[in-house]
Structure formats: structure tokens, C-alpha cells
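Here is the note you asked for, set out as numbered points to be read alongside the sequence and the model. Please keep the structure open while you go through them.

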Amino acid sequence: MTIILYGSKTSFYTGKVRAYLDWKKIEYEEVLATAEIHRDIIVPIVGRSVIPIVKTEAGDILQDSSCIIDYFESKNGGPSVFPEGPRQLMVALLLELFGDEWLTIPAMHYRWHYNEHWAYREFGATASPDANPEEQYELGKKRGELFKGFCSILGINELTIPAIEKSYEALLAELDAHFSAYDYLLGSRPSIGDYGLIGAFYAHLYRDPASGKIMNRLAPCVVRWVERMLDAKAAPPGSFLPDDEVPATLVPILERLMAELMPWLQETAEIFETWASENPDAEIPRLVGIANYTIEGVSGQRAASPFSLWMLQRPQAHYEQLDQLQRKSVDQMLDRIGGIDAYRYFRAGPKLIFEDYKIKLA
């Protein structure tokens, strides 16, 4: 049986999975997730409309980009996207978290405030490829307005937009400086951190036309990194930097991650811990409240997501299994990026698992 990737070009997390499967040289068929595919395949199995999903050769259905990558890493030999060095693996997992759970903010802002009408056409063409352009636009607008509505949930509003753009342009400059010296985040091989970033940077910020022009103008080396990630089938395996080195060019990016993402995660963990104590037998909802965040000195609020806490547990689990010498090395790296206080983030909240396509208490 052929491996099938159900997704679309416009999908943030499909971009992450597709780039990984191509680099891993895993043979698969990509099937466009039309309205019929959602109705007949995805919703009956997963319980909601979500992409990507992967149907394995054994016929099993995998959902969530990190779970899909973990599955194929465990099943396929060859070079891994997970570095062996404790510092590099911590950095890679943190950057996966940053891309998946924080870069949704600029990705959604630029799509729905710079590329709205283009996105409606793309959504319509995905949902109904055989419809005419006018029908596709109307269908895409109906579907796309739902996604546009998520902007407020993510804390994107008139007050925060200038700060979001300032932060994104600064991040572009920081990444451009790094990718002027390195092919990928940690050397000549992509890591799980690269795949965390590529979802936002390819599917929204490179591919959407107006934001793509911004990236080309401000960060040509980031553009070349995106294109390397897209052309992964032809790429050699490459290697991570020797001696567990974390390049100095990543420090500003990691400092940004610690300053922007971690305080919001901490408050989210506190909100969720209260919710879990009050609802011990309830199914965990996708959102459990509103948490504060600060970006470029501007305060906002965005929804508190238990899923983000499950993603946080990936670097947390790595940290907890380190021996004393390895932990000392990682602590020194965390101190370098202003993250020595991250101990409290890594230890926050009840343990979670992802099972039956849902977040559950462990």
C-alpha cells in the first residue's frame, strides 16, 4: 500500500511534513484535501477537519506533524533530523516549538491582512478544484473567513499588529544573518528545528505573494533556505556541526524565542493546571482560557492552548533525561540565550499525551 499525504499547498503543517518526507526520500502520494476528502476520510477518522494526515503503508492514520515525523524517524533508517548532542537537540526542539506554536502569529497576520483575496482563491481551488474561478472564490471566502477569525484568538489586532511586524522583520534579519553562513540551523543537515520553522516560512510567508515579496526584499538568504528545504529530494544527507556547537548566529533568535514565547507558555501552563484540577474527568478542550503575551514591548492576549503545552514537553522530556554533565552543558547554553529561568517552564503543568488524535492527561 502506498503512503498517502493528505494536505494542501496553503497548509502550514503540510509544508512541514512534505519537506521532511522529501528530505527523507520516503516515497508517498500527495492527495489534495478537498471538501470531499475532509467529509469522507478525515472527519470520520480524526473527528474534525484538520490537515495534514498521513495514511501509512499499513493503513494506519497519523495526525499531527510532529507525530508523523516521529513515526517515520522510528521506522526508517538513515540520517536523523534529531541531533545527538544535548545542546543541539535542545535548540532544535525549542525551534520546532517556536515555529509550530508561535510563528502562527506572523503567518496568520500576513496571510489575512496582506494576502486575503489571494488566500480565498487558493482555499476555493483546494476545496473544489473543478469549480470555475468565481465559484472557487466564493467557496474559498466562506471557508477562509473562518480561518481569518482565528487572528483575534491568536492575539492579532490593531494594537499588536505593528509589534508583530516589527518582531517578524527583526526575526527575518536574524535568520538571514544565520543562513548567510549556514545551510540549515545547525549545519549542513536540516534538523527538527528547520522543520518547525518551514511550515510558517514556506506555506504562508514565502508562498503567499505579498509576504513573499517582503521576504525576498528583506531576507534573500532566508528565501534560499526555504528553497533548499523545498528541493530536499536532491540534497545530500549533510551533517550537524561538530562538538555539539550551537552557532552564535542563533543566539538572537533563541533570545527572541525565550522573551516572546516562554512567558506566554508559563501563563498557559498555570491556566491549564487550574482547569485540570477543576475538571479531572473532562475531555481537554482546544482552548482553556486567555493568556497574556508581550511582543516588542506591546502587551496582548491570545488563547491558552493545551496543545502548545504538549509541544513544550518535547524539549522538557529531553532536558529531564540528561545526565549531570549534559545538563550542565545545556544550562550554560540556556544561560547564554537568557533562558536559565526556563527550568520553571520545562517543569510546568500536568503531563500530557497525544492519543486518538486528542490531547489527554497522562
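**Notes on the model**

1. The residues that line the largest cavity divide into eight nonpolar, one polar and two charged. The lining is made up of Phe98, Trp102, Leu103, Pro106, Ile164, Ser167, Tyr168, Leu171, Arg256, Glu260 and Ile295, and the elements that give two or more residues to it are helix H9 (161-179) and helix H13 (251-278). Helix H9 gives the most to this lining, with four residues. Please bear in mind, here and in every point below, that this is a predicted model.

2. It is worth placing that cavity in its setting before going on. The structure holds two cavities of 30 Å³ or more, and in the largest of them there is about 50 Å³ of space.

3. The largest pocket should be described separately from the cavities. About 1600 Å³ of space lies in this pocket, and of the 47 residues that line it, Tyr13, Val50, Phe147, Phe150 and Arg286 are the closest to its centre. Which element gives the most to the lining of the largest pocket? That element is helix H5 (residues 104-114), which contributes four residues. When the lining of the largest pocket is divided by residue type, 25 residues are nonpolar, twelve are polar and ten are charged.

4. The overall build can be summarised next. The protein contains 16 helices and eight strands, and its C-alpha atoms fill a box of roughly 60 × 50 × 45 Å when this is taken along the principal axes. A compact globule of 362 residues would have a radius of gyration near 21 Å, and because the protein has 20 Å, its value agrees with that expectation.

5. Burial, surface and contacts complete this general picture. Of the 362 residues of the protein, 56% count as buried, while the accessible surface comes to about 15500 Å², of which 51% belongs to carbon and sulfur atoms. If one takes the contacts between residues at least 6 apart in sequence, 73% of them join residues at least 24 apart.

6. Proline 86 is a useful residue on which to practise reading the model. Proline 86 lies in helix H4 (residues 86-101), and is it buried or exposed? Its relative accessibility is 13%, so proline 86 counts as buried, given that buried means under 20%. Setting aside residues up to four places away in sequence, proline 86 touches Asp244, His318, Leu322, Gln326 and Val330. For one of these partners the separation can be given in two ways, since proline 86 and leucine 322 are 236 residues apart in sequence but 7.6 Å apart in space, C-alpha to C-alpha.

7. Glutamine 88 also lies in helix H4. Its relative accessibility is 3%, and therefore glutamine 88 counts as buried. When neighbours within four places in sequence are left aside, glutamine 88 is in contact with Pro83, Leu186, Phe240, Leu241, Asp244, Glu245 and Val246. Glutamine 88 and tyrosine 168 are 80 residues apart in sequence and 24 Å apart in space, C-alpha to C-alpha; tyrosine 168 will be familiar as one of the residues that line the largest cavity.

8. Some backbone details deserve a careful look. Most residues other than glycine have a negative phi, and most peptide bonds are trans. In this model, however, a cis peptide bond joins isoleucine 51 and proline 52, with an omega of about 5°. Proline 52 lies in the loop between helix H2 (35-46) and strand S3 (53-55).

9. Two residues should be checked for the sign of phi. Glutamate 296, which is not a glycine, has a positive phi near 50° and lies in the loop between strand S5 (290-295) and strand S6 (298-303). Aspartate 356, again a residue other than glycine, has a positive phi of about 55°, and its place is the loop between strand S7 (352-355) and strand S8 (358-361).

10. The accessibility of these two residues can be read off in a similar way. Glutamate 296 has a relative accessibility of 30% and so counts as partly exposed. Aspartate 356 counts as exposed because its relative accessibility is 53%, where exposed means over 50%.

Definitions and conventions
Residues numbered from 1 in each chain as written. Predicted model: local features only at pLDDT ≥ 70, side-chain atom pairs only at ≥ 80, totals over all residues. Heavy atoms only, no water. 1 Å grid on protein atoms, 1.4 Å probe; cavity = no way out; pocket = protein on both sides within 12 Å on 5 of 7 lines; lining within 4 Å. Points joined across faces, edges and corners; volume = space filled by probe spheres on them. Nonpolar A, V, L, I, M, F, W, Y, C, P; charged D, E, K, R; others polar. Rg over C-alpha atoms; globule rule 2.2 N^0.38 Å. Buried < 20%, exposed > 50% of the residue type's maximum accessible area, 1.4 Å probe, protein only. Contact = heavy atoms within 4.5 Å. Areas by Shrake-Rupley, 256 points an atom, 1.4 Å probe, with all protein chains shown as cover.
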